[in-house]
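This report describes a single protein model, with attention to its sheet, its internal spaces and two helical positions. Please keep the structure in view while reading.

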Amino acid sequence: MATKELSVKEKLQQLYDLQTIDSKLDEIEILKGELPMEVSDLEDEITGLETRINKLQASIDDIEKEVNNHKANIAESEALIEKYNKQLDNVKNNREYDALTKEIELQNLEIQLSEKKIRDTKAGREGKEEALAAAKERLETRTKDLDNKKVELEKIISKTEKEENKLKKASEKARKDIADRLLKSYDKIRNNYRNGLAVVTVNRGACGGCFNRIPPQQIIEIGVMKNIIACEHCGRVIVDESFETEE
């Protein structure tokens, strides 16, 4: 059995009804404001801070290992110097004395080099520790901000969730009855405007979307509902004021 072709008025009514539902959903989104985006941004920032903190901590740990290695080298050199000094008491000739003296000098140089490396490494660690402390402080602040934003958002969601789910189901149901061509046009117009209005009524002789005057002849055509009329200025679908009254 062939589907009955809808009249222009019926098609306009479908679009107007869908717009009414979607506008109510938009109002809920406005009530939420920028909170969902702010929560998402804070979560991303916190993830980034946690990654930075882990990297800084790992770097500080590596520096500490390096310092300990240098300290171990110093201890080893000191032990060798003590050993060589004891051997100096028992040298039998100048050759042995010179060899031991050179070894002692070499180990002293090793100690000086390790001490310099420790100083340089510690200087680098101080900068990283300052950066780590700043990152931890910011993480604590941003975590508190996130908790507050989530509480605020959850309060709004708890108040609007039931109504929002109901409207979403109504929107999905309304969309199924509208022709694909009209639906694509409707969605395109909605996406073009921040207020999401794709279907508007005549408002005191003007477009209810952009408020530009509508020619008298076109107002008559809109009232007759023989064709779908779009505003020549903003492209929104314009319906007769009677739709608003019927609603």
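In strand 4, valine 239 is the bridge partner of threonine 201. The model in which this pairing is seen is a predicted one, and the pairing belongs to a set of 3 bridges that join strand 1 to strand 4, the two strands running parallel. Strand 1 covers residues 199-203 and is also joined to strand 2, here by 2 bridges and in an antiparallel sense. Within that second pairing, asparagine 203 stands opposite alanine 206 of strand 2.

Taken as a whole, the sheet is open and consists of 4 strands in the order 2-1-4-3, with mixed pairing. Its edges are formed by strand 2 (206-207) and strand 3 (229-230), each of which pairs on one side only. Helix 1, residues 8-32, packs on this sheet, where it touches strand 1 and strand 4 (237-239), and the direction of helix 1 makes about 100° with that of strand 1. The connection between strand 1 and strand 2 is a hairpin with 2 residues between the strands, and arginine 204, which lies in the turn, has a positive phi of about 50°.

How many of the 5 residues of strand 1 are buried? The count is 4, so strand 1 is largely enclosed by the rest of the structure.

Strand 1 also takes part in the lining of the largest pocket, since helix 1 and strand 1 are the elements that give two or more residues to that lining. Of the 12 lining residues, those nearest the centre of the pocket are Tyr16, Val199, Val200, Thr201 and Glu244. Thr201 is thus a residue of the pocket lining as well as the bridge partner of valine 239.

The structure also holds 1 cavity of 30 Å³ or more. The lining of the largest cavity is made up of Arg213, Ile214, Pro215, Gln218, Cys231, Glu232, His233 and Ile238. The table sets out the volumes and the classes of lining residues for the two spaces.

| Space | Volume | Nonpolar | Polar | Charged |
|---|---|---|---|---|
| Largest pocket | about 210 Å³ | 4 residues | 6 residues | 2 residues |
| Largest cavity | about 30 Å³ | 4 residues | 2 residues | 2 residues |

Two positions in helix 3 complete the description. Serine 171 is found in helix 3, which spans residues 94-176, and with a relative accessible area of 8% serine 171 is buried, because buried means under 20%. When its neighbours within four places in sequence are left aside, serine 171 is in contact with Leu18, Ile21, Asp22 and Leu25.

Is glutamate 161, which is likewise found in helix 3, buried or partly exposed? At a relative accessibility of 41%, glutamate 161 counts as partly exposed, because that class lies between the limits of 20% and 50%. The C-alpha atom of glutamate 161 is separated by 9.3 Å from that of isoleucine 28, although 133 residues set the two apart along the chain.

Technical notes: Residues are numbered from 1 along each chain as its sequence is written. This is a predicted model: local features need pLDDT of at least 70, side-chain atom pairs count only at pLDDT 80 or more; totals for chains, interfaces and linings use all residues. Side-chain values use heavy atoms; hydrogens and water are left out. Two strands pair if DSSP finds at least two bridges between them. Contact means heavy atoms within 4.5 Å. Axes are lines fitted to C-alpha atoms, for helices over the stretch in contact, and angles run from 0 to 180 degrees between N-to-C directions. On a 1 Å grid over the protein atoms alone, a cavity is a set of points where a 1.4 Å probe fits but cannot get out, and a pocket is an open set with protein on both sides within 12 Å along at least five of seven lines; lining residues have an atom within 4 Å of a point. Grid points are joined across faces, edges and corners, and a volume is the space filled by probe spheres set on the points. Ala, Val, Leu, Ile, Met, Phe, Trp, Tyr, Cys and Pro count as nonpolar, Asp, Glu, Lys and Arg as charged, and the others, Gly among them, as polar. Buried means under 20% relative accessible area, exposed over 50%, partly exposed in between (1.4 Å probe, protein chains only).
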